[in-house]
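Colleague: Please take a close look at the cysteines in this model. Put them in the setting of the whole chain.

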Amino acid sequence: MYHISGKSQPPMYTQALDQQGREPSAAPESPEQAARFQARVDAEEKIEPKDWMPEAYRQTLIRQISQHAHSEIVGMLPEGNWITRAPSLRRKAVLIAKVQDEGGHGMYLYSAAETLGVERATLVEQLLSGAAKYSSIFNYPTLTWADVGAIGWLVDGAAIMNQVPICRCSYGPYARAMVRICKEESFHQRQGFEIMLTLARGSEAQRAMAQDALNRWWWPSIMMFGPSDVASRHTAQSMRWKIKRFTNDELRQKFIDVTVPQAQFLGLTIPDPQLRWDEAAGHFEIGPIDWEEFQAVLRGHGPCNRERLEARRAGHAAGEWVREAAAAHAAKRAAQAAA
């Protein structure tokens with residue numbers, strides 16, 4: 001059986017995401033520098049872009065922040081697919097606002113990554129080429145309107161569980177970016193739950209649609225937290241640097257403990273015959289996770305991996321004229337200022 005536990009922490013305020021970070025130093029890192037850096041982290045000081053940091057710390061942040069940004073941008077696609085088919089004008093307007101929020105989250109995060117000395121164009125190219133990863137959850141299809149509810153309830157719920165502790169990340173720009181993101185994700189989660197509640201209290205067909213969506217999204221949502229702690233290569237060091245505050249399994253357990261009662265309130269059934277409440281531990285236990293499916297999706301063999309990247313490439317190509325116009329406008333303004 002699978003058993004885990006964890007806690008989350010409140011957010012802080014966002015500011016100064018567009019400060020350009022210092023280029024990494026080519027000089028070797030001394031043990032004294034590393035010790036002083038770790039002492040700052042241990043003392044809960046925020047590391048800022050122009051502060052000295054180990055190159056491995058910088059690279060870890062670039063990897064995590066860029067994957068997070070890519071996930072927000074690719075995550076616009078599954079729900080964007082339903083904007084024109086939302087069942088009412090109100091649902092359409094709310095969904096448009098949500099998809100727009102996700103695009104904004106990606107921009108905040110790309111800006112935070114840029115403070116580490118990496119260009120946004122480089123990160124985007126890594127996504128479009130398939131070299132960069134994004135959350136595996138977005139490689140699953142949205143087959144019915146209930147999937148939009150399940151994504152808001154489960155996927156955004158899991159994202160909140162993952163992301164609220166990042167508001168206390170040791171790297172200042174990332175921590176501050178997460179404050180607004182987490183507030184908006186909380187709205188998205190409530191929106192999704194409200195859709196599921198409406199369907200669960202609707203007709204027999206609507207209730208069946210809600211249950212089907214839960215059946216298909218439950219396990220991918222559980223996998224969103226990443227591999228188990230014993231298989232995670234980055235968790236221990238990221239926690240030592242306070243980039244992460246809790247392990248994958250701790251956050252997964254907290255999500256399970258919060259979400260199972262919500263499903264019970266909806267009158268829906270979690271698709272896990274081995275799910276049970278452990279009275280002694282005070283947590284729900286779940287059956288085994290299919291990590292082979294998780295790894296297959298990460299390797300590009302999920303239901304929609306190819307479709308998602310093709311859509312992003314097409315969107316990027318279609319926006320080329322906008323980028324060219326913006327660059328020309330910026331050059332013109334710079335020339336006028338110089339004159």
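Modeller: The cysteines come first, then the chain around them. This is a predicted model, where local features need pLDDT of at least 70, side-chain atom pairs count only at pLDDT 80 or more, and totals for chains, interfaces and linings use all residues. Residues are numbered from 1 along each chain as its sequence is written, and side-chain values use heavy atoms, with hydrogens and water left out.

A disulfide is a covalent bond between the sulfur atoms of two cysteines. The structure holds zero disulfides, counted as pairs of cysteine sulfur atoms within 2.5 Å. Cys182 is in none. Its nearest cysteine sulfur belongs to Cys167, 3.9 Å away. Cys182 has 4% relative accessibility, so it counts as buried. Buried means under 20% relative accessible area, with a 1.4 Å probe and protein chains only. Cys304 is also buried, at 4% relative accessibility.

Now the wider chain. Buried residues make up 50% of its 339 residues. The protein chain has 13 helices and two strands; these are DSSP runs, with helices H or I of at least four residues and strands E of at least two. Its radius of gyration is 21 Å, close to the 20 Å of the globule rule for 339 residues, so the chain is as compact as a globular protein of that length. That radius is taken over C-alpha atoms, and the rule is 2.2 Å times the number of residues to the power 0.38. The C-alpha atoms fill a box of roughly 70 × 50 × 35 Å along the principal axes.
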